[in-house]
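Student: I would like a close look at one chain of this model, followed by the chain next to it. Please go through the elements and their contacts in order.

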Amino acid sequence: MEEQELRSLIARVKSGQLSRRYFTRMMVGLGLTAPLAAQMLASAGVAQAQSGKLVYKPTKRGGGGALRTLWWQGSTLLNPYFAVGTKDQDGSRIFYEPLAAWDPDGNLVPVLAETVPTSENGGLSRDGKTVVWKLKKGVQWHDGKPFTADDVIFNWEYAADPATAAYSIATYKDITVEKIDSHSVKIAFSKPTPFWADAFVGVRGMIIPKHLFESFKGGKSREAPTNLKPVGTGPYKFVDFKPGDVVKAELNPSYHMANRPYFDTIEMKGGGDAVSAARAVIQTGEYDYAWNMQVEDDILKRLEQGGRGKADIVLGGNIEHIQCNFTDPWKEVDGERSSLKTKHPFLTDPAVRQALGLLVDRASVQEQIYGRTAIATANFLNAPARFQSKATKWEFNIDKANQILDAAGWKRGGDGIRAKDGVKLKMVYQTSINAPRQKNQQIVKQAAAKAGIDMELKSVTASVYFSSDAANPDTYTHFYTDIQMYTTTMTQPDPELFMIQFASWEAASKDNKWQGRNITRWQSDEYDKLYRAGETELDPVKRAAVYVRMNEMVVQNGVVIPVVWRPRVAAISNRLRAEQSGWDSDFWNLPNWYREG
Amino acid sequence: MRKYLFRRLLLVIPSVFGISIVLFTVLALAPGDPFEELATNPNVPPEVRANLRASFGLDDPVAVRYARWLTSMLRGDWGFSFVSRVDVDHLILQRLPTTLFVIGSSQLLALMVALPVGVYAATRPYSFFDQVVNTLAFAGFCLPTFFTGLLLILLFSIYLDWLPFIYRTDISASGWRWYWEHVRQAIMPIAVLGLFQGASWTRYVRSAVLDVIRLDYVTTARAKGLAERVTIVKHVVRNALIPVVTLVALQVPAVFGGAIVTEQIFRVPGIGSLLISSILANDTPVIMAVTFVLSCLVILFNLVADLLYGWLDPRVSYR
C-alpha cells in the first residue's frame, strides 16, 4: 500500500465517508497496528484528483432534489448479468458499479478500483497474461457490508458458470481470477491478451455482492430476491422497481466518492415513445434526461426552440452499413442457400462492388434522413480515433461507377440493365422495416438504376429479421439476398470482438444454425492472419495498426459499404450537467451528475 | 336456474381449454425471438443465445411446451417472463391497481355520461339537445383515442402547461397532495378513454330508450298519471337497459385488459402497456398469461350478462 493510497483513505475517514472502526480494521488487515492507524488519522488527508471532462461543482452530498429520467423502454430486470439490453444495463448501473468505466474518449476511469492497472504501476504483466486490479478501500455495499476481493472473485465464478446463463459469459469463461489480498485480485489469461479490460469493466463488469448472491449461483440464479431489489455500491440505493415501468432510488449516504451524489432521489421511468420523451425533456422540462432519441432531427430541432433542453450527441461505434453477399443466395446446395460452396454470380467481381460503393449517396442520406443523428462514413471501424483509418474515403460518383462497370465488361442491355456472359446486374436489397432505412434504400436504388443496376427492395419486420430462428429464411444471418443493410453495435472501445465478423471460420451456415458472425461469407487468408496477430499483439501501436489494416481490407474490397455512423443521442435538460459515453452505459458517470442554476 | 348455471360453467371448461391451445399454438408459431437484442451485438457469442433458448425450453416441440405450460398452470404456476425473469402473476398484479383505477374510472365516466345524456336525448328526440348530442357522439367515436390523446397533450400540457402528460405511479407527495397529483395526471387518460366509450354508449342508450318509450305500456303509465320521472326511470329505463347491460358487461374484461394505445401515449403502466411491450419483446409467457386471463374474463362476463337479463326481465327463463 502506497502512501498516496493511505492518504486518500484518511481523507475519506475525515469526511465521514468511512468509519474509524472500519479504517482501523482494514489497516490491521494490511499488517499494521491499531495505534498506528489512529496516528495516521490524526494527520491531515489528501483530496483525490477527479477524472473525466465533467467538472463536479457541488460541495456537499445531496440537496439536489429529484433527478427524473425517461427511458422509452423501461428496465425489465436489475441483475447486470442478465441485462441484455441497454435499458437493463442502465437500470442496473444506478446500483452496481464496475471496477472501471469507459469515458467518452475510450479511456478507463477507475470506479471501484483504486487505480487503473498499467505496466508502470505493475498492474499489467509484461507477457500480457495477467492483470492485477487494486480495489478501492472503504467501499460499502448498500447494506453496510464491506466490498472486498472476495466479491470480485465471486462475480467471476457466478458469470463463468454456464448454468447461471449470464449474457456476458464469454468475458469470464476463459479467465481465472485469484485473490492476492483483501483488496487486490489477479486475472490470469490462458494466452497473451492485449485487451484485458473486459472482465469487471464497463457494462459487462458491474459487480454484484457475494453475500447476497452466493446461494443463487448457477441454476438457481433466477430465484435470487436481490435480482429485483439490488444492493450495490452505487451512488443511489434501491427504493422501488416495477419491471417495464419505473426504477426508483435514493441517495446513498455512505457512497465512496466524497460529496457525491448530488440528487436526493433518482427516477427512471419507462414506456411510451421516443418523440414524447424528447418532448418531456426538451420542450416541457417535465423530465431531466431521456435516453436513446431515435427521433428525426427536424423534430428535435423544433423542440429545441422551446429552450428547456437539447439533444446531446456523442460518438459511439454503431454503423449503418450495406453488406455484399459473396455466396449465391439463389442456388440451393445441401439444403441451404448462400452456401459457402457457391460463389455469387456477380458480387464476387470487385468492379461491381466498387461501383456499388460509388453509388451510395451518403451525403444525401445524412442530410435528408438523419440530420445531426448520423455522420457519413467510409470506415467500418470508426472509433476510437486511434483505430480509425485515414486511407479510406468515400465518394458518390455515378459516372465513375459507370466507367468502372464498362471497363469490367458489363454491357447495358436493351432494358438498360447491365449484363455480362448472360448474368444480369439485378439484385435484391433487404433491410428491416424502419422508415429511415426504407428512405435509404430508395436513395441507393435510384442511383443504382442510373448505373444500369436493377435493385429490388425488400424489407422484413425487425422481429423476424433480427431473430435467431434457424427455420426462417428472412433473418439477417441467413442473408438469402444479394445485399442487405442494418446497423451493428460496437459497445466497447476494443475492436477485437467487432472485427471477428469477417474471419473465415465464423461464416454463417446451416452447420452452425446461422449463428456464425461472418454474414457476408467473405473469406480471406490475409485477414484471418491479421486477426490472429491482433489477438496476441501486446504493443498497442502495432496492434492498432493491425486493426486499421483489417478495416481497410474490408472496406477497400467492398465487403461492406459503410453508410453512416450513428452516434448516441440523448435529450438533456439545459440545467442538468451530465456526460454520455459511447462506450459505456448512459449512467457511467452518474455519481457526477448535478443540476446548475 | 342452478341447473342452468351448472351447465354453463361446465361448458366453460372446454372453451377455456380450446382457447389456451389456440393461443399457445399461435404464439409458438409466431416469428421472433425473445433474445433478439443479443443477435445484432457482435460482442455476444451466439452460444449465449443458444444456451438461453435451451434453458428456457424454447427449442422443445410445441406440444411438449404446451403440456409443460398446462401442467404448471394447473398447479397455479404461471411461469416467468423471459425478459424480466419475474413471475408472470407478480408482473400482472403489479400492473392491476393502475389499470383498474384508470380504465375503471374511464368506464364509470362513460356510463355517467352515456346514461343521463342518452336517456334525456331519447325523451326529446330530434330536439336541439338531441341534435347536439348526436353530433358530439359521432365526433366522439370517430376520433381515435391516439388522436384525442395527442390533442389533449398538446393543449393542456404543452400550450397551457396545466397537466403532466407522463403518468407516474411513484408520486412522493403525501396526504391530499398525493390524491391531487394522482387525479391531475389521470384526468387526461380517463377523459380520453371515457369520452370515447361514452360517445358510443350514448348512441346505444338513446336508441334503446327510443325503442321502448313508444310502447303502449309507457303511454298507459303516463295515462295512469305517473310522474314523468317515475315513468322514465322505473318503466322505460329498466326495460331499455337490457341491451346496454350486454354491452357494459362485455366491456368489463377490457377494464382488466387496459387500453394499449392510450396507456402508451400517457405512459400509464397498466396491463395494456405490459401486453404491448411483451409482444414487442416476444415475451411469450407474459403474452400468454395476459391474453388467457382476458379470454377467461370474456367468457365469465358473458355468463354474468346472461344472468343479469333474468334479473332485469323476468320473462327470460333459464333452461
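Student: How many helices and how many strands does chain B have?

Tutor: The model is a predicted one. Chain B has 13 helices and 0 strands. Read along the sequence, its pattern is accordingly α-α-α-α-α-α-α-α-α-α-α-α-α. Along the principal axes, the C-alpha atoms of chain B fill a box of roughly 85 × 60 × 35 Å. Of the 319 residues in chain B, 36% are buried. Among contacts in chain B with a separation of 6 or more, 72% join residues 24 or more positions apart.

One helix pair in chain B can be described in detail. Helix α7(B), residues 145–159, and helix α8(B), residues 176–213, have axes that come within 10 Å and cross at roughly 140°. The two helices are therefore oblique to each other, because an angle has to be over 145 degrees to count as roughly antiparallel. The crossing of α7(B) and α8(B) is right-handed. On the α7(B) side, the residues in contact are B:T145, B:T148, B:G149, B:L152, B:I153 and B:F156. From α8(B) they are met by B:M188, B:A191, B:V192, B:L193 and B:F196. By class, the contact of α7(B) with α8(B) has 8 nonpolar residues, 3 polar ones and no charged ones.

Helix α9(B), residues 216–223, gives another view of the chain. Of its 8 residues, the number buried is 0, so α9(B) lies largely in the open. The helix is followed by B:G225, which has a positive phi near 95°.

Next comes the contact between chains. There, 47 residues of chain A touch 43 residues of chain B. On the chain A side, the elements giving two or more residues are the helices α6 (169–172), α8 (274–283), α14 (462–465) and α15 (496–499), together with the strands β7 (236–242), β8 (246–251), β9 (265–270) and β18 (483–488). By class, the side of chain A that touches chain B holds 18 nonpolar, 18 polar and 11 charged residues.

The neighbouring chain is built from both kinds of element: chain A has 17 helices and 21 strands. Buried residues account for 53% of its 597 residues. Of the contacts in chain A with a separation of 6 or more, 67% are between residues 24 or more positions apart.

Strand β18(A), listed above at the contact with chain B, also pairs with β11(A), in the antiparallel sense and over 6 bridges. In that pairing, A:C324 stands opposite A:I483 of β18(A). Strand β11(A) covers residues 309–324, and 12 of these 16 residues are buried, so the strand is largely enclosed by the rest of the structure. β11(A) pairs with β19(A), residues 560–573, as well, in the antiparallel sense over 12 bridges. A bridge there joins A:D312 to A:A570 in β19(A).

Elsewhere in chain A, an open sheet of 3 strands has the order β4-β6-β5, with antiparallel pairing. The edge positions are taken by β4(A), residues 130–134, and β5(A), residues 175–181; each has a single partner strand, so one side of each is left without a neighbour in the sheet. From one strand to the next, the twist averages 20°. β4(A) is joined to β6(A), residues 184–189, by 5 bridges in the antiparallel sense. In β6(A), A:S184 is the bridge partner of A:K134. Helix α5(A), residues 149–160, lies across β5(A) and β6(A), running at about 170° to β5(A).

A helix pair in chain A completes the account. Helices α10(A), residues 350–358, and α12(A), residues 398–407, pack at an angle of about 170°, with axes 8 Å apart. That angle makes α10(A) roughly antiparallel to α12(A). In the contact, A:A351, A:Q354, A:A355 and A:L358 of α10(A) meet A:K400, A:A401, A:I404 and A:L405 of α12(A). The residues of this contact between α10(A) and α12(A) divide into 6 nonpolar, 1 polar and 1 charged.

Notes:
Residues are numbered from 1 along each chain as its sequence is written. Chains are lettered from A and ligands numbered from 1 in the order in which they are written. This is a predicted model: local features need pLDDT of at least 70, side-chain atom pairs count only at pLDDT 80 or more; totals for chains, interfaces and linings use all residues. Two strands pair if DSSP finds at least two bridges between them. Helices (H or I, at least four residues) and strands (E, at least two) are DSSP runs, numbered from the N terminus. Axes are lines fitted to C-alpha atoms, for helices over the stretch in contact, and angles run from 0 to 180 degrees between N-to-C directions. Two residues are in contact if their C-beta atoms, placed from the backbone, lie within 7 Å. Angles under 35 degrees count as roughly parallel, over 145 as roughly antiparallel, 65 to 115 as roughly perpendicular and the rest as oblique. A crossing is left-handed if the near helix is turned anticlockwise from the far one by less than a right angle, and right-handed if clockwise. Ala, Val, Leu, Ile, Met, Phe, Trp, Tyr, Cys and Pro count as nonpolar, Asp, Glu, Lys and Arg as charged, and the others, Gly among them, as polar. A residue is buried if 20 or more other C-beta atoms lie within 10 Å of its own, exposed if 12 or fewer, and partly exposed in between; C-beta atoms are placed from the backbone.
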